[in-house]
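Hi everyone, thanks for making time this morning. Let me put the structure up on the screen, and then we can walk through it together.

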Amino acid sequence: MAKYTEEELLAVQEKAVAPQGTIIDAFNQMVEEVKAFQAQHEKAHVRFHNGDSFLDENGEERFYFTHRRRSSRHSETKSNVRRQKIKEQLQTDDDGWSTLVKPKKSFGEEAVSERDEFRKSFKETQVKVRPNNKNISSSKPADPRDVVDKTARAFNAFDALVSDSEDSE
Amino acid sequence: MSEEIIQKTVDLSLEDSTVLSNKENFESKHPLNTRWTLWYTKPPVDQNESWGDLLKPVITFSTVEEFWGIFNSIPAATDLPIKSDYHLFREGVKPEWEDVANARGGKWAFQFKDKKTNINELWLRALLSVIGETIEDDQNEVNGVVLNVRKQFFRVGLWTKTTDEEKLKPIGANLKRVLKLPETRQVEFLSHEASNQRGAKPSILI
């Protein structure tokens, strides 16, 4: 059996014969691609674990993944896709100034004028009422109409002393 | 006339130099005892990749000079991506438990958990001891040597044909010396059959 010691083998190192370039080049390229993939993959997945790991029975490193199914992990606000965005309309006034105006939701032009008329008429007929704050906590009625005529006959002691008999005398 | 032939041959060749144009190549090379094949396990980059897709033979060589040419051209151990494996096996032996040559064997292994270890040097020493056949005396039991690159450790494994303790102990002792391990550290032998079982413990420790 041909045997070579470490020293003998190291002595031949300078006489190395380069292998066919295409094979080794392809191999090296593959290794580089894997390294690039791993670097990219690690960046993308780093948020799934906090770095804590353990070795399994095969000596492989495994991470304690922290993405358990909790309700709190699904509470991200979602955009309401059904809601239609209100597009602002460009309105140009007589002076040539343009402004973006949000259109009214459901009123048409007729409805708007009708509404304005109603508001105006209501404004004219309405009665202003001011609450009489000073009487709120009092036993006196706030509204004078609520006052019941309580003209009770007052007791007069002198009248009571005058007896009927004396009158007759 | 002969010069004309040489020139024509050089012109036909795809390589820059040939044995005909380079006198140095006439020097006798150092043949190895057997031909060796370098295999590589590529880390998966796609879930659909199977083990068979990942384990690939890279190149086969039969002389010391060729070995150095390959070794100098491929990434060093520390330059390999995580989850990579280098396997150097005798030609015809696949670095799998199922291979006939491995099925009844096992492996001596040691894990270097300190990643500051000079694994490039230790891996080279392991390779030299295997191709130079100094890892064993005359047992002829070694099939190949494996390097596992993991995030938290490097592991060197020496695959053997047998689980015979008497034959294995001197090989384990040699591996320990090659890996420059102190007396306090132990290399472990585990048969491939036992490796299939969960929680299997090494059958020999040195």
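Let me start with a small puzzle: which backbone nitrogen lies 3.1 Å from a polar atom of the side chain of B:Thr63? Before I answer, please keep in mind that what you see here is a predicted model.

The answer is the backbone nitrogen of B:Glu66. As for B:Thr63 itself, you will find this residue in strand S2 of chain B. Is B:Thr63 buried or exposed? B:Thr63 counts as buried, because its relative accessibility is 9% and the cut-off for buried is under 20%. If we set aside residues up to four places away in sequence, B:Thr63 touches B:Lys29, B:His30, B:Pro31 and B:Leu32.

Now let's zoom out to where the two chains meet. On the chain B side, 45 residues are in contact, and on the chain A side there are 35. Together the two chains bury an area of about 3600 Å² between them. Carbon and sulfur atoms give 64% of that area.

How many salt bridges does the rule find across the interface of chain B and chain A? Just one. The partners are A:Glu6 and B:Arg125, whose side chains meet with an N to O distance of 3.2 Å. Polar contacts are there too: the rule finds 11 residue pairs across this interface, with both residues of each pair at pLDDT 80 or more.

Which parts of chain B supply at least two residues each to the side that touches chain A? They are strand S1 (31-41), strand S2 (55-63), helix H3 (64-73) and helix H5 (119-131). Of the whole chain B side, H3(B) gives the largest share, with eight residues. By residue type, that side divides into 20 nonpolar, nine polar and 16 charged.

Please don't mix up the two helices called H3, as chain A has one as well. The H3 of chain A covers residues 109-125, which makes 17 residues. From first C-alpha to last, H3(A) reaches 25 Å, close to the 24 Å expected at 1.5 Å a residue. How many of its residues are buried? The count is zero, so to speak of H3(A) as hardly covered is fair.

Back in chain B, two residues have a backbone angle worth pointing out. B:Glu133 has a positive phi of about 65 degrees, although it is not a glycine. B:Glu133 lies in the loop between H5 and strand S5 (142-149), and at 0% relative accessibility it counts as buried. The other residue is B:Lys83, with phi near 75 degrees, again a positive value in a residue other than glycine. B:Lys83 is found in the loop between H3 and strand S3 (84-90) of chain B. With a relative accessible area of 43%, B:Lys83 is partly exposed.

My last stop is B:Asn174, in helix H6 (residues 165-178) of chain B. This residue is buried, with a relative accessible area of 14%. What does B:Asn174 contact, leaving aside its neighbours within four places in sequence? The contacts are B:Thr134, B:Ile135 and B:Glu136. B:Glu136 is 38 residues apart from B:Asn174 along the chain, and their C-alpha atoms are separated by 7.3 Å.

That's my tour. Thanks for listening, and I'm happy to rotate the view for anyone who would like another look.

Key:
Residues numbered from 1 in each chain as written. Chains lettered and ligands numbered in written order. Predicted model: local features only at pLDDT ≥ 70, side-chain atom pairs only at ≥ 80, totals over all residues. Heavy atoms only, no water. Helix = DSSP H or I, 4+ residues; strand = E, 2+ residues; numbered from the N terminus. Expected span 1.5 Å × (residues − 1). Buried < 20%, exposed > 50% of the residue type's maximum accessible area, 1.4 Å probe, protein only. Contact = heavy atoms within 4.5 Å. Buried area = accessible area lost by both parts, 1.4 Å probe. Salt bridge = Lys/Arg side-chain N within 4 Å of Asp/Glu carboxyl O. Polar contact = N/O pair within 3.5 Å; in protein donor to acceptor, adjacent residues only side chain to side chain. Nonpolar A, V, L, I, M, F, W, Y, C, P; charged D, E, K, R; others polar.
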